[in-house]
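Please take the sequence and the model side by side, and follow the chain through its confidence, its sheets, its salt bridges and its surface.

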Amino acid sequence: MCPHRLATLSQGRIDQWGRLQCVYHGWCFSGSGECKLIPQAPLDGPPVHTFQRACVAVYPSVVQNGIVWFWPSLDPQYKDIITKKKPPYIPELDDPSFTYKIFQRDIAYG
Ligand code: FES
């Protein structure tokens, strides 16, 4: 969730510098959650993009079979969980002779 107006960052895009850009007002974030750009901030003003409140949470995540998997916890004990507990591998998803459809379903629980 974007710290600015809580827009869904999953609907953002990756810009030419590899930053996640919020779809709403264009704030940009690094892979470690630091805010790297607030387009509306004056260049000669305070560096508001460096403020802690402008940063986003970073969850352990990995892309496998073209799917983004993430561990929904910010608890430091799970920081490296993706290296220890891999998501299920589905070889058919990488096989070009198979077809499949991807869809998203939001499930309202933690
Ligand atoms: S809500 Fe993300 S930049 Fe404004």
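The term pLDDT stands for the predictor's confidence in each residue, on a scale from 0 to 100. This is a predicted model, and the chain averages a pLDDT of 91, with 99% of the residues scoring at least 70. Within the chain, confidence is highest in strand 3, at a mean of 97, and lowest in strand 6, where the mean is 87.

The domain assignment divides the chain into domain 1, covering residues 9-54, and domain 2, covering residues 59-110. The C-alpha centres of domain 1 and domain 2 are separated by 25 Å.

We can begin with the four-stranded sheet. It is an open sheet whose strands follow the order 1-2-3-4 and pair in the antiparallel sense. Its edges are formed by strand 1 (13-14) and strand 4 (35-37), each of which pairs on one side only. Inside this order, strand 2 (residues 20-21) and strand 3 (residues 28-29) are joined by two bridges in antiparallel pairing, and Gln21 is placed opposite Cys28 of strand 3.

Two salt bridges are counted in the model, and they can be compared by the burial of their partners. In one of them, Asp15 meets Arg19, with the closest N and O atoms 2.7 Å apart; both Asp15 and Arg19 are buried. The other salt bridge joins the side chains of Glu34 and Lys36, at 3.3 Å from N to O. Glu34 has a relative accessible area of 37% and is therefore classed as partly exposed, and Lys36 is also counted as partly exposed because its relative accessibility is 39%, a value that falls between the limits of 20% for buried and 50% for exposed.

Further along the chain, strand 5 (residues 61-64) pairs with strand 6 in the antiparallel sense over four bridges, and Gln64 stands opposite Ile67 of strand 6. These two strands make a hairpin with two residues between them, and the turn contains Asn65, whose phi is positive at about 55°. Is Asn65, in the loop between strand 5 and strand 6, buried or exposed? With a relative accessible area of 7%, Asn65 is buried, although it has a positive phi without being a glycine.

Leu6 offers a second case of a positive phi in a residue other than glycine, with a value near 65°. Leu6 is located in the segment before strand 1, and its relative accessible area of 55% means that Leu6 is exposed, whereas Asn65 is buried.

The end of the hairpin leads on to the surface. Phe70 belongs to strand 6, which spans residues 67-70, and together with Tyr59 and Leu74 it makes a nonpolar surface patch of about 310 Å². Beyond strand 6, Asp80 is found in the loop that runs to helix 1 (81-84). Asp80 counts as partly exposed because its relative accessibility is 44%. Between Asp80 and Ala7 there is a separation of 73 residues in sequence, and their C-alpha atoms are 27 Å apart in space.

Note on methods
Residues are numbered from 1 along each chain as its sequence is written. This is a predicted model: local features need pLDDT of at least 70, side-chain atom pairs count only at pLDDT 80 or more; totals for chains, interfaces and linings use all residues. Side-chain values use heavy atoms; hydrogens and water are left out. Patches are made of residues with over 30% relative accessible area and no salt bridge: like charges are joined within 9 Å, nonpolar side chains (Val, Leu, Ile, Met, Phe, Trp, Tyr) within 5 Å. Accessible areas come from the Shrake-Rupley method with a 1.4 Å probe; for residues, only the protein chains shown count as cover. A salt bridge is a side-chain nitrogen of Lys or Arg within 4 Å of a carboxyl oxygen of Asp or Glu. Two strands pair if DSSP finds at least two bridges between them. Buried means under 20% relative accessible area, exposed over 50%, partly exposed in between (1.4 Å probe, protein chains only). Domain bounds come from an automatic or database domain assignment.
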